[in-house]
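Work through the exercises below with the sequence and the structure side by side. Try each task yourself before you read its solution.

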Amino acid sequence: MKVEFTELAQQTLISQKAYLVSTGARSPGNASEHLKELVKHIIEQLGAFPELGPASRQLLELGVARYREYLHKGYRIFYEYEPAGSTVTVHAILRQNQDVQLQLFELLILRP
């Protein structure tokens, strides 16, 4: 199965790198390598097992039922998969402790 990353997913990866560097958790080069490994894992796992993640409970509470959520090593991967289709679309990659509503507001409303 093909795995695609939306522009928003790419923006959230950039945000994750900035967070890792700004908190001193990783150097810029190490943060990039860490996130490349995360992306590789996402492609391998969701490409092979697109139904791996259940519907996102937090997004269901907001009335949004079409997104699944896959948890991996402290990250929440929000994605979409149609059983009849051949593509998994990754929409966002957040840390597990990030507030989804706040993060999506910041990404979609506050950023031009």
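**Exercise 1.** Along E1, which side chains point to one face and are buried, and which point to the other?

Solution. Keep in mind that this is a predicted model. Begin with Val-3 and Phe-5, whose side chains point to one face of E1 and are buried. Then turn to Lys-2 and Glu-4, which point to the other face and are not buried. Taken together, the side chains along E1 alternate.

**Exercise 2.** Find the order of the strands in the open sheet, and then say which are the edge strands.

Solution. The sheet is made of 4 strands, and reading across it gives the order E1-E4-E3-E2, with mixed pairing. Strand E1 (2-5) and strand E2 (68-72) each pair on one side only, and these are the edge strands. On average, neighbouring strands of this sheet are turned by 35° against each other, if direction is ignored.

**Exercise 3.** Describe how E4 pairs with E1 and with E3, giving a bridge partner in each case.

Solution. Take E1 first: E1 and E4 pair in the parallel sense, over 4 bridges, and Phe-5 has Val-90 in E4 as its bridge partner. Next take strand E3 (residues 75-81), which runs antiparallel to E4 and is joined to it by 7 bridges; here Tyr-81 has Val-88 in E4 as its bridge partner. A helix can then be added to the picture, since helix H1 (residues 7-22) lies across E1, E3 and E4, and runs at about 30° to E4.

**Exercise 4.** Is Thr-89 buried or exposed, and which residues does Thr-89 touch?

Solution. First place the residue: Thr-89 is found in strand E4, which covers residues 87-95. Its relative accessibility is 19%, and the cut-off for buried is under 20%, so Thr-89 counts as buried. Leaving out residues up to four places away in sequence, Thr-89 touches Glu-4, Thr-6, Phe-78, Tyr-79 and Glu-80.

**Exercise 5.** What is the volume of the largest pocket, and which classes of residue are found in its lining?

Solution. The volume of the largest pocket is about 170 Å³. Its lining consists of 11 residues, and those that lie nearest its centre are Leu-8, Leu-59, Tyr-67, His-91 and Leu-104. The elements that give two or more residues to this lining are E4 and helix H4 (100-110). Sorted by class, the lining has 10 nonpolar residues, 1 polar residue and no charged residues.

Note on methods: Residues numbered from 1 in each chain as written. Predicted model: local features only at pLDDT ≥ 70, side-chain atom pairs only at ≥ 80, totals over all residues. Heavy atoms only, no water. Buried < 20%, exposed > 50% of the residue type's maximum accessible area, 1.4 Å probe, protein only. Contact = heavy atoms within 4.5 Å. Pairing = 2+ DSSP bridges. Axes fitted to C-alpha atoms, helices over the stretch in contact; angles between N-to-C directions. 1 Å grid on protein atoms, 1.4 Å probe; cavity = no way out; pocket = protein on both sides within 12 Å on 5 of 7 lines; lining within 4 Å. Points joined across faces, edges and corners; volume = space filled by probe spheres on them. Nonpolar A, V, L, I, M, F, W, Y, C, P; charged D, E, K, R; others polar.
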